[in-house]
Amino acid sequence: MLTDITLGQYYPGSSVIHGLDPRAKILATLLFIAAIFFAESMLSYGVLALFVAAVILLSRLPVLMVLRSVKPLWIIILLTLFIHAFTGEGSNVLYQYGFFRLTEEGLIMGIKMSLRLVFLLLISSILTFTTSPIVLTDGIESLLRPFKCIGVPAHELAMMMTIALRFIPTLIEETDRIIKAQTARGADFDSGSLLQRAKNMLPILIPLFISAFRRADELAIAMEARCYRGGEGRTRMHELVYKTGDFIALAIIVLLIAVLAVMRWGLGL
Amino acid sequence: MPISLEHVSFTYMKGTPFEKTALHDVNLQIEKGEFVAVIGHTGSGKSTLVQHLSGLLHPQKGSVCVDGVNLNAKNAAAKKARNSVGMVFQYPEHQIFAETVYEDIAFGPRNKGLTPEGTDRAVKDAMAFAGLDFETFAQRSPFRLSGGQMRRVAIAGVVAMEPDYLILDEPSAGLDPRARDEIFKEIMALYRKRGIAVILVTHNMEEAARYATRLLVVSDGRIILDGVPHEIFTNHKEELLKVSMDVPPVYKLAECLQEHGLNVKSTPELADLERQILKVRRSRHAD
Amino acid sequence: MQSLIEIKNLKHSYIDTDGNEIHALNGVSLDIYKGEFIAVIGANGSGKSTLARHLNALLLPTEGKCVVAGMDTADDKNLWNIRQHVGMVFQNPDNQIVAAIVEEDVAFGPENIGVPPAEIRTRVDNALAAVGMTEYAKHAPHLLSGGQKQRVAIAGVLALEPDCIVLDEPTAMLDPRGRIEIVNTVKKLNREKNITVVYITHYMEEAMQADRIIAMEHGVIKMHGRPEEIFTKVKELHALGLETPLAAQAAFDLRQKGIKLADGIISNEELTEELCR
């Protein structure tokens, strides 16, 4: 049933990682993604792996759950591996079949590229596992605010996300009810040609759209009645404040980048 | 032949921390010609119950049969059986989708496989039932009608399926008293004319007392009381209060009078209570 | 008593989607006093909601005047000040809650008017306590019951610290339990916090709780008085398409049949007392 879907993948907890400021976490995630591209040797990939493992442990999330977040993109990861392995330049041929040539260099490159993807997925899912969507929205708004002068609508984007988070469960429930109501009138959603099936969806989609518009209209009036007039002059109940821990976390990431840079260019490892 | 539920159990979000059992081993039979009111507070399981009656939810345990046909089988007989149970959801006007009143009401009959002539007749009958003049309304956009009229179009859309069992989930919700009375007048006319079974889910005790021949009280996924409304409202007030239900106002008035020593019997009809009061007063004056 | 809202010969008309001019309000005059509880009854389309929406400048008069705490609603610069004085709760509890966490939603109003964070916190806590929803502060609104959602909506209005709350059929979509929750909450706010209440409803037993009742039809006030004055006018109420409390109906019928009863009977207790005398 539709209503069985649980929204978002926030996993409440009280770990060090959960407690970090959302802005610090978003910045740290971005910096980590940069760090990934500093890694060159297998040894530096080892350092990255250790770091990711440490973050998972610190977050006290179920390890399997975090690892499972790689699942949705496993095809792309495998594809990355194969494309690099079979098309990479290199002289050390391990296997050849007609046009396809598997080289040692290509294989290593493929593994590295896939690892980059895996690290990226793991670290960004740790961000969403440890940060509630609402706090994440606050963080994004706060980080985007300086870019308002170049036309980034930070407040509006955040308000849209907030309202979406609030109404997605309501609209899922509503969809469920409309499907049932039309089913009770003998509607059939599972048979016929593709075009026919698309047409069969109209008795669901039209009421759903009408309802969404009505809700939007009523919500707009209710917001106006509560003195909403855009982001200008607005305050927040929860103001984001950087704490020592946030600076330490960012410092650690910068250190990680430094270590990787030194390994690559200083020591040639 | 009846709708029958045998040992039906149902749990929402089974196997998750949000697991909630909505029905516990429910047994129930509803015959054609009955007018059954189902009461129970929000979350009691009454919505889950009526969705089983119409085959919209499949029992996790037990079975639901209409006229001996299991509703959850995947064959033509089961589909026909499901079509014999009409379901009007709460705020049914929110499910209207077609460009004209005619097209929206014709949706059900067409899905049932009626011929164009058959559909036409079913739509005309349903509109007549709902008090919607064919000439005036058939080609109008349902979205431009008033709230009360949209409600009638939506109910007509289910009635046009010509169900033997008609389930109505709070058909009068959000309407003013006049519109409420009209909707019920039409439902009663249909009930009497076609001899169908009506299953009315309601929060309004007065509606239950006035229209139903049978009352089901649902609490915590079980049918805790099943009987004639008058009998339940007279003799089971304590049980009703315990599950946050109440008796209709006219029973409360009778009870208040009885407590003060006036010799009147509780009754679902105000007129009847007034006759009793007059009799008591006369006999008192005669003394 | 000092009047908080003055409505003088208020008219409102608009053009509907078919191009017809609709006269939703046809000259309404009414004073609403500080601290009173006033109920507005009337069939669908009688103009109740249109009237309500003039009270905090969601709609503006086509003709006539609506003055809130000395401020004319037609004057643009008063707009936000008026909306802080008069809060509004709507029928559908789902469509007026903005945030995905209860306390965040209650904070929405004060955030909009730029209240400092620490004070927002206090206001939110007080508002949630006033409607008895403190323990649900961190919950997701879509998992609450209808009555609880509607109490959150009331808290959201309270956090703006208004003088007056207008409730537009707040119980129409609720079950009996939710309806009792809302009526009790509103009564408590009126008695204990001296908040002026304008309460629109179809339910006569709810209207009976008010100090004063306005009955509307076709955009004008048809009846106006204390509950015992309004509900004993059985014939007039029926003509407006409205119901009467059962005891008032019974008293009316019994009088017709020649039983002498005192005036102003609207409750079972009053009727019983009269009959047993």
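**Reading domains and interfaces in a predicted model**

Me: In which helix does A:A216 lie?

Reply: A:A216 belongs to helix α10 of chain A. Please keep in mind throughout that this is a predicted model.

Me: Is A:A216 buried, partly exposed or exposed?

Reply: One compares the relative accessible area with two cut-offs: under 20% is buried, over 50% is exposed, and values in between are partly exposed. A:A216 has a relative accessible area of 43% and is therefore partly exposed.

Me: How far apart are A:A216 and A:F167 in sequence and in space?

Reply: Sequence separation and spatial separation are read independently. The two residues are 49 residues apart along the chain, and their C-alpha atoms are 9.9 Å apart in space.

Me: Into which domains is chain A divided?

Reply: A domain may be written as one stretch or as several joined by a plus sign. In chain A, domain 1 is given as 8–131 + 240–266, and domain 2 as 154–225. Their C-alpha centres lie 37 Å apart.

Me: How many residues of chain A are in contact with chain C, and how many of chain C with chain A?

Reply: An interface can be read from each of its two sides. Here 29 residues of chain A are in contact with 38 residues of chain C. Between them, the two chains bury about 3,100 Å², of which 57% is on carbon and sulfur atoms. On the side of chain A, the three residues that contribute more than any other three are A:R166, A:R226 and A:M237, which supply 28% of the area that chain A buries against chain C.

Me: How many salt bridges are there between chain A and chain C?

Reply: Specific pairings are counted separately from buried area. Between chain A and chain C the count is six salt bridges. One salt bridge is formed by the side chains of A:R236 and C:E104, with an N to O distance of 3.7 Å. Polar contacts across this interface amount to 15 residue pairs.

Me: Which elements of chain A each supply at least two residues of the side that touches chain C?

Reply: They are α8 (154–184) and α10 (202–225) of chain A. The largest share, nine residues, comes from α8(A). By residue class, the side of chain A that touches chain C divides into 14 nonpolar, five polar and ten charged residues.

Me: Into which domains is chain B divided?

Reply: The same style of reading serves within a single chain. Chain B has domain 1 at 3–239 and domain 2 at 248–287. The centres of these two domains, taken over C-alpha atoms, are separated by 36 Å.

Me: How many residues of each domain of chain B are in contact with the other?

Reply: Seven residues of domain 1 of chain B are in contact with seven residues of domain 2 of chain B. The two domains bury about 610 Å² between them, 64% of it on carbon and sulfur atoms. Within domain 1 of chain B, the residues that lose the most area to domain 2 are B:H230, B:F233 and B:K237, together 55% of what that side buries.

Me: Which residue forms a salt bridge with B:E255?

Reply: B:K237 is the partner of B:E255, and the closest N and O atoms are 2.6 Å apart. Across the interface of domain 1 and domain 2 of chain B there is one salt bridge, and two residue pairs are in polar contact. The elements that give two or more residues to the domain 1 side are α8 (205–211) and α9 (229–235) of chain B. That side divides into three nonpolar, two polar and two charged residues.

Terms used:
Residues numbered from 1 in each chain as written. Chains lettered and ligands numbered in written order. Predicted model: local features only at pLDDT ≥ 70, side-chain atom pairs only at ≥ 80, totals over all residues. Heavy atoms only, no water. Domains from an automatic or database assignment. Contact = heavy atoms within 4.5 Å. Buried area = accessible area lost by both parts, 1.4 Å probe. Salt bridge = Lys/Arg side-chain N within 4 Å of Asp/Glu carboxyl O. Polar contact = N/O pair within 3.5 Å; in protein donor to acceptor, adjacent residues only side chain to side chain. Helix = DSSP H or I, 4+ residues; strand = E, 2+ residues; numbered from the N terminus. Nonpolar A, V, L, I, M, F, W, Y, C, P; charged D, E, K, R; others polar. Buried < 20%, exposed > 50% of the residue type's maximum accessible area, 1.4 Å probe, protein only.
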